[in-house]
Amino acid sequence: MSRRIVVVGDVLLDRDLLGTVQRVCPDAPVPVVDVTGVRESPGGAGLTALLCTAADTEVVLVAPVAADDAGARLARLLRAEVELVALPHAGGTRRKTRVRCAGQSLLRLDDGGPGTPVDPPLSLVSAALAGADVVLVADYGGGTTHHAGLRALLAEAAARRPLVWDPHPRGGAPVPGTALVTPNRAEAAHACAVPSTSTAAPSSTPDALAVALRTQWQARAVCVTAGSDGAYLALSASEPMYVPAPVVAGGDPCGAGDRFAASAALSLAHGAVLSEAVVDAVADASAWVRAGGAAGYRARPPQPPAADAAGLGPVQPTAAEVVARVRARGGTVVATGGCFDLVHAGHVACLEAARRLGDALVVLLNSDESVRRLKGPSRPVVTQDDRARVLQSLASVDAVAVFTEDDPRAALAQLRPDVWAKGGDYGGTPLPETALVRSWGGRVVLLPYLDGRSTTALLAAQPSSQPNLEVS
């Protein structure tokens, strides 16, 4: 059944000036950027709305949009993917322009705004909110959450359905009855008037901030996000819950808060309870960081058809996102593959060695059907979703893609890695994928094999039956 999420907030236009640097300016010690392209995409609440889109979810964005050329481009980009209720806007379009070379930002220029709504048509906003399963406020400090009429409508909505509020230091406080408020630690400390760098007093810890703000904001729950440390959820009549974040090596945190709030709203729209929604949001935000953050999202290739996307499995980030992020900065993509039914020391050693061959490692994982055909009807012992989750928890693995064929050639043709790495137990046996990998200039490398480690040996060592247990 389709769900409907209404996002309310402040939008801006993200612009990437893409170029190369080959010389230094003769009259100042600064690099000269030769611009090769410009990339524009919705930012702020616009990005949040795009991240809420899903096959079974309708998204409506309510936001002020300026009546200028940049605003027209922003509206066109948004209407291609979501329904837009555009409100009158004070000032020009807010823009964040990043000068980027080799996958790195050299400079950011901000202009436009402030973006405060002017005489918004409240009847249109009320009609949009009335059809929502979940409302998500994406506050970027432009003034939307300060407008008295809009606040009254949001307060009414909070009394009828789950409302998620992603706050901003310059924005209005969440309306009473908000289901979930998602400040980061600095935002939470600002709201509590606690210095964000203070760690000595108990009141400055993320869990204590979450508890204090739940009462201060009269919210059902407050979740304070703490970056790589995870998140702390405070619910009424309960001790705070800690949700650890998966380990992420490197990555870009830009936009992680938008990803967190959007994932929480999606989970709530589809029936999750608050704690489940936060667990989903932490996992998705970590995957977002690993995939290169907002820059990686903007650089992503066109999405494949649904049938092809399903073959990659549900694990995040997708292999395509990782490849786009690494290729954008001129890096090396490494891939390896296998069943990984029971992950053991031999697997870990091979994965760690493979990761050292480049800048990101994608694991091509045999599906359950593929493993049964290769290993017999009693395998796999662990399902593909669980195998993928275990692999992606390893620091050496950047993404996992599930393939259904008996060998990985079709998946490799789609991924086109720079290096294809296989365990040394394949030594002396021709690899059917070698010619394919070399056809696009890729390398094939064998890795050391830890003798005596194998899933088959581990299973053979287990008792064939469980002992009888008497219950007295």
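The exercises below, each with a worked solution, concern a predicted model of a protein.

**Exercise 1.** Describe the protein as a whole through its secondary structure, its buried residues and its contacts.

*Solution.* Begin with the secondary structure, which comes to 17 helices and 18 strands. Next take burial: of the 472 residues in the protein, 49% are buried. Then turn to the contacts between residues at least 6 apart in sequence, of which 68% join residues at least 24 apart. Finally, the accessible surface comes to about 21,600 Å², and carbon and sulfur atoms account for 54% of that surface.

**Exercise 2.** Determine how much space lies in the second largest pocket, which elements supply its lining and how the lining residues divide by character.

*Solution.* The space in this pocket is about 930 Å³, and 45 residues line the pocket, with Asn184, Pro253, Gly255, Ala256 and Gly257 lying nearest its centre. Going through the elements, one finds that the strands β2 (11–24), β3 (31–44) and β6 (89–101), together with the helices α5 (185–191), α7 (256–269) and α8 (274–290), each supply at least two lining residues. Of these contributions, α8 gives the most, with five residues. Sorted by character, the lining holds 20 nonpolar, 14 polar and 11 charged residues.

**Exercise 3.** Classify the aromatic pair formed by tryptophan 288 and tyrosine 297, and state whether these residues are buried or exposed.

*Solution.* A search of the whole structure finds two aromatic pairs. In the pair formed by tryptophan 288 and tyrosine 297, the ring centres are 5.5 Å apart and the planes make an angle of 40°. Since planes under 30 degrees apart count as stacked and those over 60 as edge-to-face, this pair is therefore tilted. As for burial, both tryptophan 288 and tyrosine 297 are buried.

**Exercise 4.** Glutamine 218 and arginine 416 each have a positive phi; locate both residues and assign their exposure classes.

*Solution.* Glutamine 218, although not a glycine, has a phi of about 55°, and its place is the loop between α6 (206–217) and β11 (221–225). Because its relative accessibility is 54%, glutamine 218 counts as exposed. Arginine 416, also not a glycine, has a positive phi of about 55° and is found in the loop between α15 (409–415) and β17 (419–423). With a relative accessible area of 44%, arginine 416 is partly exposed.

**Exercise 5.** Find where proline 114 lies and what kind of peptide bond joins glycine 113 to it.

*Solution.* Proline 114 has its place in strand β7 (residues 104–117). The bond between glycine 113 and proline 114 has an omega of about 15° and is a cis peptide bond.

Note on methods
Residues numbered from 1 in each chain as written. Predicted model: local features only at pLDDT ≥ 70, side-chain atom pairs only at ≥ 80, totals over all residues. Heavy atoms only, no water. 1 Å grid on protein atoms, 1.4 Å probe; cavity = no way out; pocket = protein on both sides within 12 Å on 5 of 7 lines; lining within 4 Å. Points joined across faces, edges and corners; volume = space filled by probe spheres on them. Helix = DSSP H or I, 4+ residues; strand = E, 2+ residues; numbered from the N terminus. Nonpolar A, V, L, I, M, F, W, Y, C, P; charged D, E, K, R; others polar. Phe/Tyr/Trp six-rings, centres within 6.5 Å; stacked < 30°, edge-to-face > 60°. Buried < 20%, exposed > 50% of the residue type's maximum accessible area, 1.4 Å probe, protein only. Contact = heavy atoms within 4.5 Å. Areas by Shrake-Rupley, 256 points an atom, 1.4 Å probe, with all protein chains shown as cover.
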